[in-house]
Amino acid sequence: MSSLNVIALISGGKDSFFSILHCQANGHQVVALANLYPETSREDSENEDIDSFMYQTVGHSVIPLYAEALGIPLYRQKILGGSGSMERDYALATTDGDEEAQEEDETESLVPLLKRVKEAHPDANALSTGAILSTYQRTRIESVALRLGLVPLSYLWQYPLLPPYTQTSLLEDMRAAGQDSRIIKVASGALDESFLWKNVADHANVTKMMNRMEMFGGSSGGAVLGEGGEFETLAVDGPGPLWKSKIEAGNVEVVKGEGGSAVVRLKDVRVVKKEEAQKPQPELRIPELLDTEFKALLTSLETTITSPDGHEEGDQSHISIKARSDTSIDAFKSSNLRLRRPQQGMLQISNIYHSSGTPSDQLKSILQRLSTHLETLNLDASSLVFTTLLLRSMTDFTLLNPIYGSIFTTPNPPSRVTISCGDRLPPGVDVVLSTIVDLGERKERQGLHVQSRSYWAPANIGPYSQAISIPFDHLPAPPNPGEQIKEEAHQEDDNLPTTTRPRIIHIAGQIPLVPSSMEIINPKPLPLTTTTTSPSKSKDFIAQTILSLQHLFRIGRAMNVQSWTSAVAFISSCPPSEGTIRAKIAIKAWKKIHQQALTSQTNADKERDDDDDDNIDIWDLQNRYSRFQTQAAGTTKKDVDTRGLLPNYSTLEETEVPLIPPVFVAQVAELPRGAHIEWFSNGLSNPVLSIKSPQIWIPISSMDDFVMPTGKEGVRCEYTVYTTRALPVTLMHLNLVIIPCYRVWCEKEDGGDGAVEIEAVLGIRQYRI
């Protein structure tokens, strides 16, 4: 992992300093501290706390002392402007009116500050921040950092949702590491002035805060970390070698404010040199790479790597590309930009290509054609929610990515899958783009675009989001014989608030990057127990399969996914017999992770039903993986894993959504970053009574015998086909996304372990008209 030279953005609070420790633990060097302070005089301690949605300002008069305490140069800048943009997500303005408003936004105060730091430290190439759960804060810092060529680092992002999945794990880690951060402001009914100037991570103090917040109904959602402004802190000491000295105050005065708030006013604040002989500092805990359920999955998959008959470890022959015919360019022409805009739902624009010029020329032409077509539909690029980018060669990706991103000028660009299809693309075609357009109102759309390195999931630095969520008009399950579907039910669904309507979540393809380093996983640190006689490359593939699948699930939880519609595991070129092993591993991984969840939740339901104790916490039983508890002896229910369930089987009762969604494996030429596997799936949230999956999948054993299913009245369909063969005439007239593959597998019909090779799989997305 390459070392970065980091500018640490500090507020004086606990999180920004703890992030510095994690930067150092990841091998990076902190070269400068940077801080924004309110426009009031530094000496005016009476008015040092201003209203800012971005920056902590209380205690700012102490900030100059950190340069001496840490021995790192400090640069400061006044906060100019206010909260000009109140949108959750933030991006560089592109219109005159937006630019004027953005110039007045306090976020932009970071620009001159960081430019000055970079002038003094030209080798600085990263920016550290203490964001934990605030998308508002994170997206603003990311926007500025990336504009200035700095890699954003947010190692505390989603920290409470990482192992061991507790609200207090961050504070416990701070205490274990020896960081002393004092509470200097309280602004919550649960906290009073008795908490002021206490070490926020002290065990007794944490317990007291949890109990108080429980009484007021607010210990979750980051409240115990102060994420909602419940309190603010000031770091005064920490472990060496970061902290050379500590900060002490000769006098601490409590000042009561309005609405039950209170702050401390510090006097005679000074830096005190630490004793030369310091006691050994405990090693900083790094959250485990794998979640508990994926560690269990690792053990299950190791039994899958037994070689099939005829496999030899030394077999290096890859797919014979010339043995398979190229995809006909006529197939692409048949569905290219001939669409009329439906009244609602989503619209699929398929297989846009240009068959002359360099790959860059082709993509520019494709984007121009797409923009022109969107204009005819009274839409623009901000309406795109998902794209599929097919390349002839992955070596073109670095050059093409900025060209692709040039059309996206608003926050949360579409999620994306990028694969290389090699010579399976038609001759002369190097780039093919397909996209899904959301025809609904933009305000109903929800996006997730994390561009910072963290321990959570890979950063999407560039023109694609981790996920985009939109409401959709679902199809009800078919009625029982003699029963009719009532139209009133449809009307009731249409009138549901956006937050409770069924939603489909388009998630970007996930490859096995370690989030903290953004490098492909090395399986050596994982607890693999396979013998040396097992194929070593299968161990690599197992590690990549598990980590990339975990990324999919973590993003799904962040977007409130409760079930998946299906999954496709893309695998890259490899020897034929190894491809069969990889298909088997991928299919088993998908099925096993669902079986584990089903077993866990079934056991939790039995535990709830069998326990007659009136004091049992029913919410806890419904919202945890009972089989994978990390609760230690002597801890309370507050320490139980409270991540959202995925899949959440209690929400799927009385629906037609399958408990284990279908899974397919498609082999292509290459994947980004040389990955062996890329997982892709769409999520489903807020499933309502009688809903059926918005996608159905049809395995095609033989294209020669394929019969197209008949359409249904009142239903509009769009199609995707993963195919190893030329398309039959029955498919040529459809609005069809074509994914040319070398091989395709599906699961066995009897549900057993293994993979069955087929010629194609057809996906059908259904919309109510």
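Visitor: Over which residues, from 618 on, does pLDDT stay under 50, and how many contacts beyond four places in sequence does the model have for them?

Guide: pLDDT is the predictor's confidence in each residue, from 0 to 100, and a contact means heavy atoms within 4.5 Å. Here pLDDT stays under 50 over residues 618-638, and the model has 51 contacts beyond four places in sequence for them. Where pLDDT is low, don't read the predicted coordinates in detail. This is a predicted model: local features need pLDDT of at least 70, side-chain atom pairs count only at pLDDT 80 or more, and totals for chains, interfaces and linings use all residues. Residues are numbered from 1 along each chain as its sequence is written, and side-chain values use heavy atoms, with hydrogens and water left out.

Visitor: What is the mean pLDDT of the chain?

Guide: The mean is 82, with 78% of the residues at 70 or more.

Visitor: Is Q158 buried or exposed?

Guide: Buried means under 20% relative accessible area, exposed over 50%, partly exposed in between (1.4 Å probe, protein chains only). Q158 counts as buried because its relative accessibility is 10%. Leaving aside neighbours within four places in sequence, Q158 touches I132, L133 and W456.

Visitor: Which residues lie nearest the centre of the largest cavity?

Guide: Rolling a probe the size of a water molecule over the atoms shows where empty space is left. In this structure, F386, T388, F680, T720 and R765 lie nearest the centre of the largest cavity, out of 22 lining residues.

Key. 1 Å grid on protein atoms, 1.4 Å probe; cavity = no way out; pocket = protein on both sides within 12 Å on 5 of 7 lines; lining within 4 Å.
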